[in-house]
Amino acid sequence: MNRIIPLILAVALFMENMDSTVIATSLPAIAVDIHTSPIALKLALTAYLVSLAIFIPISGWMADRFGAKTVFRAAIGVFIAGSVACAFSNSLPAFVVSRFLQGIGGAMMTPVGRLVLVRATPKSELVAAMSWLTVPALVGPLVGPPIGGFITTYLTWHWIFLINVPIGLLGIWLATRFLPETEPAETPPLDFPGFVLSGLAASGVVFGLSVVSLPALPPMAGFITVTVGVISGVLYLIHARRAKNPLLALELFRNQVFRSSVLGGSLFRIGIGAVPFLLPLMFQIGFGLTPFQSGMITFVSAIGAIGMKFVTALLFRLAGFRRVLIWGSLVAAASIAIYGLFTPDTPYVLMLAILLVGGFIRSMFFTGVNALSYAEITPADTSKATPITAVFQQLSIALGVALAGGILEVSTSIHGGPLTLSDFHIAFFIVAAVSAAASITFMRLAPEAGSAVSGHGRLTTPKTLESVGTAGK
């Protein structure tokens, strides 16, 4: 496998994933500088998510129309421009618009980067390649808070965004130098009604859930926009059945393997999406730790995510997608439930060990789900599958944060007091149950599902086993 390609893409995706979480720890400092409140500034977080939801559906069409490599480089450029604009923002409206611009770049970077990887990698090596690409998605949200706290404390919050400039420029140069050329393809006209409806559907749900979980606006505004999003989604389904070339090719869901990977992965992400929200809050409110101390503890999960890539390909080749994803989702869900047993008296070594194992399992699971999405998709349909998987990822993560926030809200209203440690414990148990439900989806897979990607059932000689170990490195 050519490791250069997934590493280049992983650097760009790490920049995006870290940036989306690093800002959270810097909200108070930014709010003081631009003369607003941290609560109001959370609109900037929501603006980024809304931008992703609007523009991700068009990413596949853009990659086909203008070439995936060209669009990927342009996306990094837009992300850099948005980062610079954020750094020089001096008012709330300017900062919100700048984050929206960043989101446009991010909406293209993630799905188009994955599309470049899928097209440049033989199916037999896709699991190993995806293991590299999965790491930034898991590491970014974990290292973001401690890095954000460090930069804000010892430098200024502006550097959170300015540091993206050299990283992004390096990414553009590496992409130009090493990524394979991709010629524009013959594409049908843009499905503009579908673009409007899908954008309203995804952004309405994401915005509404974000408002409910991050109360920068009255909760009623969140419920109204979720309703608008759901109605738009229904209208899109009606439109997609009649349109000749719909923007999101929902007919791909007729494939059992693709359907299981998307729906099962979404269920699992609802639980996982809640963890970066719940865990730091529990450590800070329930344990009384500082944000930096909390970040250094959760960082262990990132180490586990990185370490797992060395054995992921071998695991899927030996056991197959069905078995690994069923047990992986159950074990990972159990690790989330165990977080609900943590107390200030729990030895830190034990917590670190559990977080490390959780990082291992989640990395393995996401690598498998991402690879399985393309296991039975033809090369011509990869640009159709990529935006669908990316949209569902964003929706499920937003659902996870909203679910976690809703559980804490209901729990505190029941006992009529401020947040307590038991509120967090209840939240972890519930989101763990949601993640565990993903295993039911994978039970419907055939034992040989995705074997062209995993190579399961093809170990016949010691030489083959040796090559598998090499591919997982």
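Here a biologist asks and a modeller answers about the predicted model shown above.

Biologist: Glad you could join me! How many helices and how many strands does the protein have?

Modeller: Happy to help. The protein has 473 residues, and buried residues make up 54% of them. As for secondary structure, the counts are 20 helices and zero strands.

Biologist: Among contacts with a separation of 6 or more, what share comes from residues 24 or more positions apart?

Modeller: Contact here means heavy atoms within 4.5 Å. Phenylalanine 283 gives an example, with contacts that include Phe342 and Met351. Over the protein, residues 24 or more positions apart account for 83% of the contacts with a separation of 6 or more.

Biologist: Which helix gives the most residues to the largest nonpolar core?

Modeller: That core holds 104 residues, and Leu278, Met282, Phe283 and Tyr339 touch the most other members. The top contribution is 11 residues, and it comes from residues 256-286, helix α12. There is also a second, separate core of 16 residues, with Ile30 and Cys86 among them. For the largest core, then, the name you want is helix α12.

Biologist: Is phenylalanine 283 buried or exposed?

Modeller: Setting aside neighbours within four places in sequence, phenylalanine 283 is in contact with Gly288, Leu289, Ser294, Ile297, Thr298, Phe342 and Met351. Its relative accessibility is 0%, and the cut-off for buried is under 20%. Therefore phenylalanine 283 counts as buried.

Biologist: What kind of aromatic pair do phenylalanine 283 and phenylalanine 287 form?

Modeller: A search of the whole structure finds 18 aromatic pairs. In this one, the rings are 5.2 Å apart centre to centre, with 70° between the planes. Angles over 60 degrees count as edge-to-face, so the pair of phenylalanine 283 and phenylalanine 287 is edge-to-face.

Biologist: Now to phenylalanine 66: which charged residue sits over its ring?

Modeller: Phenylalanine 66 also forms an edge-to-face pair with tryptophan 61, at 6.4 Å centre to centre and 85° between the planes. At 38% relative accessibility, phenylalanine 66 counts as partly exposed. The charged end over its ring lies 5.1 Å from the ring centre and belongs to arginine 65.

Biologist: How far is the charged end of arginine 177 from the centre of the ring of phenylalanine 178?

Modeller: To count as sitting over a ring, CZ of Arg must be within 6 Å of the ring centre and within 35 degrees of the ring normal. The charged end of arginine 177 does sit over the ring of phenylalanine 178, and the distance is 5.0 Å.

Methods
Residues are numbered from 1 along each chain as its sequence is written. This is a predicted model: local features need pLDDT of at least 70, side-chain atom pairs count only at pLDDT 80 or more; totals for chains, interfaces and linings use all residues. Side-chain values use heavy atoms; hydrogens and water are left out. A nonpolar core is a set of buried Ala, Val, Leu, Ile, Met, Phe, Trp, Tyr and Cys residues joined through side-chain atoms within 4.5 Å. Buried means under 20% relative accessible area, exposed over 50%, partly exposed in between (1.4 Å probe, protein chains only). Helices (H or I, at least four residues) and strands (E, at least two) are DSSP runs, numbered from the N terminus. Rings of Phe, Tyr and Trp (its six-membered ring) pair if their centres lie within 6.5 Å; planes under 30 degrees apart count as stacked, over 60 as edge-to-face and the rest as tilted.
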